[in-house]
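Let's walk through this model together, starting inside one chain and ending where two chains meet. Keep the sequence and the 3D view side by side as you read.

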Amino acid sequence: MLKLDIFLSALANGLMTGAVYALVALGLTLVYGVLHIINFAHGATLTAAMFAVFVMHSVFKVDPYLAIFILTPLFFGLGYAVQRFVIGPASHGDDSNILLVTLGLSIIIENALLAGFRSDTRSIDVPYGFSVVEVGNLFLSTPKLVAFAASFLVALLLWLLLARTDTGKAIRAVAREKTGAALSGIDVDHIYAVTFGLGAACLAIAACLLMPTFLVNPRIGNAFVLVAFTIVVLGGMGSILGALVGGLIIGVVESLSGLYFGESLGQIGIFLIFILVLLFRPTGLFGAKA
Amino acid sequence: MLEVRDLVAGYGGVPILRGVSLDVKAGEIVAVLGANGVGKTTLNRAVSGLIRPHSGSVIFEGAPVTGHSPTRIVAAGLIHVPEGRKIFPNMSVRENLELGSYRRARANRAANLERAFSIFPRLKERSGQFAGTLSGGEQQMLAIGRGLMAEPKLVIMDEPSLGLSPLLVEEMFGLIARIAGEGLAVMLVEQNVVQSLELASRAYVLENGAVVMSGPADELKRDPRLMKTYLGM
């Protein structure tokens, strides 16, 4: 019985962590799906968002969950501006340039954070940090449960945006047919920037959900982004549903392989999956055929 | 309505269009004819703002739009239905049409959707289907329908007959005649000389990036040079 309980709690933990992974992957897959580039600054942006949560909490005494409503629009605006005024003009319409510009941005952000906060690892202290909810025989961490629910909500909102609104439809249109979109009066540069902004906004939300139970240092984002890449490949490049399902799968795999192979080998499962997907289903679970 | 003056345009500094001038007046169908590679598509792209012309001017309804973004040109009511359709394959037929009114005539979307469906009943049957799964003819109808959703004042039709069977070409030209019959100005850019001249009131013939012949369609039809070059007579 104890064995089953441990298994179930590892499963639940995996699902809850996976939902936040999914949120990080959502931003990555959205930008990839529309701009057809891997945003190398994704990890650094997440780190910056986590430091923003840290500063909001320690300097301005703003609760991380409250900070969602401040940081999400802020990071949307930042993402929008960076794409519109830095990445776009600097890349001259060449995809490989965009790649390099985002790589350069990640180096700048990371080192700016290193200069500002040094390489110390920090965390914030919230009263509900260790609170748990009892479900049957399981004790589930409240902040992780909140993160789980919030991630689903964000994925749902993002899906509604893409499916129902004109802006969302324009994003999907630009993703596949830039010229046709421009000739329909869609401002392609604006849509690119909106997409980039949405990607950054996802990270801001992820950061707010992570900080109550997690720590931050200037390189923390990379760990998440490596996992997010795997999720995007597993779920299918550019697929929202794929990012969500992929995130949950990866979260569970990491948690269970941690349980059975030991904590330090927990990530082996993730990379095994990565290799298997590349070998047998390179388009991912929900990816479009090439 | 549309005045193109001494337009020079091309890619990467190399001019393809070498000083083209033409006019389209309100309510008229004007054909721009020429073989592959004479600059027809470059002309369209320069007029609709996809590329910035090197020199010359484009005037629409008396106001210069030279070098404006496609967004502004669409907003002004000059709609380009592109060669190769450029529909959104990953979206439903209905969503494709809806996006036609993204910049213009958004308030009349529902009414215009009904109108597009009445002109192209086949699109209504397929409204929930992904546009990428349509046949070539249906995709062309969708591209035209999407253009009409913006309540254009002038439509540039870029090779609407491309890749269609003779029967479908006939149908497509019939539909264009019907749309133009409602008072819309059409610049019909085509390789299909015979049928275009049947439809148009005036025509320009492009060769090597310049206008080599122009005049009323009836006269051009009888022009021995045109007959020799394009009809092999």
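Which residue of β7(B) does B:His80 stand opposite? Keep in mind as you look that this is a predicted model. The residue to find is B:Ile156, which lies across from B:His80 in β7(B). The two strands around this pair are β6, residues 78-81 of chain B, and β7, residues 154-158 of chain B, and they run parallel to each other over four bridges.

Stay with β6(B) for a moment and follow its side chains. B:Leu78 and B:His80 point one way from the strand, while B:Ile79 and B:Val81 point the other way. Whichever way they point, all of these residues are buried.

Now turn to another part of chain B, where the pairing is antiparallel. Here four strands form an open sheet, and you can trace them in the order β2-β1-β4-β5. The edges belong to β2 (14-24) and β5 (63-64) of chain B; each has a single partner strand, so one side of each is left without a neighbour in the sheet. For β2(B), look at its pairing with β1 (residues 2-11) of chain B: these two strands are joined in the antiparallel sense over eight bridges. A handy place to check the register is B:Leu7, whose bridge partner in β2(B) is B:Val20. As general background, strands of a sheet pair through backbone hydrogen bonds, either parallel or antiparallel.

With chain B in view, let's move on to its interface with chain A. On the chain A side 18 residues are in contact, and they meet 23 residues of chain B. Together the two chains bury about 1,800 Å², and 59% of this is on carbon and sulfur atoms. In chain A, the residues that lose the most area to chain B are A:Asp166, A:Leu183 and A:Ser184, which together account for 34% of what that side buries.

A:Asp166 is worth a second look, since its side chain also meets that of B:Arg109 in a salt bridge, at 2.6 Å from N to O. Between chain A and chain B the count is four salt bridges, and six residue pairs are in polar contact across the interface, with both residues at pLDDT 80 or more. On the chain A side, α6 (166-176) and α7 (178-183) each supply at least two of the residues that touch chain B. The largest share, six residues, comes from α6(A). Sorted by class, this side of chain A has eight nonpolar, four polar and six charged residues.

Technical notes
Residues numbered from 1 in each chain as written. Chains lettered and ligands numbered in written order. Predicted model: local features only at pLDDT ≥ 70, side-chain atom pairs only at ≥ 80, totals over all residues. Heavy atoms only, no water. Contact = heavy atoms within 4.5 Å. Buried area = accessible area lost by both parts, 1.4 Å probe. Polar contact = N/O pair within 3.5 Å; in protein donor to acceptor, adjacent residues only side chain to side chain. Nonpolar A, V, L, I, M, F, W, Y, C, P; charged D, E, K, R; others polar. Buried < 20%, exposed > 50% of the residue type's maximum accessible area, 1.4 Å probe, protein only. Pairing = 2+ DSSP bridges.
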